[in-house]
Amino acid sequence: MARPYVETLHDRYLDQARPRIADLLRKGTAVPFDELAIAAMQIPMVSEQDTRDILVGARDSGGVEFQGLGPKQRKPQWRKGHRVRSTSTLS
């Protein structure tokens, strides 16, 4: 069965968001999650949750680490001062 057009379009936009996020993380310093989310959300159909999902995937593969999360927090949140730092090359 063919995938709905909207899902295909969303995936295409996510493919544009990933390098934008990676470029910001290449600064070498910890980048605020809010800044990453705002940059990604400039692309149509990309949400804050999409940004979080991209970063969690990168964390799980060892590409980034989260900073400033509370003891029970596992993902960065909007307006909480959480930061993301690259630990390797992202694609």
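**Notes on strand β3, the core and a helix crossing**

1. Start with strand β3 (residues 83-86): V84 and S86 make up its covered face, while R83 and R85 sit on the uncovered one. Strands here are DSSP runs of E with at least two residues, and helices are runs of H or I with at least four, numbered from the N terminus.

2. A word on the source: this is a predicted model, where local features need pLDDT of at least 70, side-chain atom pairs count only at pLDDT 80 or more, and totals for chains, interfaces and linings use all residues. Residues are numbered from 1 along each chain as its sequence is written, and side-chain values use heavy atoms, leaving out hydrogens and water.

3. Which strands pair with β3? β1 (residues 31-32) does so in the antiparallel sense over two bridges, and β2 is also antiparallel to β3, over four bridges. (Pairing needs at least two DSSP bridges between the strands.) V84 is the bridge partner of V31 and of F66.

4. V84 turns up again in the largest nonpolar core: of its 22 residues, V84, I21, L25, L36, V46 and L55 touch the most other members. Such a core is a set of buried (under 20% relative accessible area, 1.4 Å probe, protein chains only) Ala, Val, Leu, Ile, Met, Phe, Trp, Tyr and Cys residues joined through side-chain atoms within 4.5 Å. Helix α1 gives this core its largest share, seven residues.

5. Now look at V46: skipping neighbours within four places in sequence, V46 is in contact (heavy atoms within 4.5 Å) with Y13, L14, A17, A40, M41 and T51.

6. Finally, α1 meets α3 through residues including L14, A17 and I21 on α1 and T51 and L55 on α3.

Key. Buried means under 20% relative accessible area, exposed over 50%, partly exposed in between (1.4 Å probe, protein chains only).
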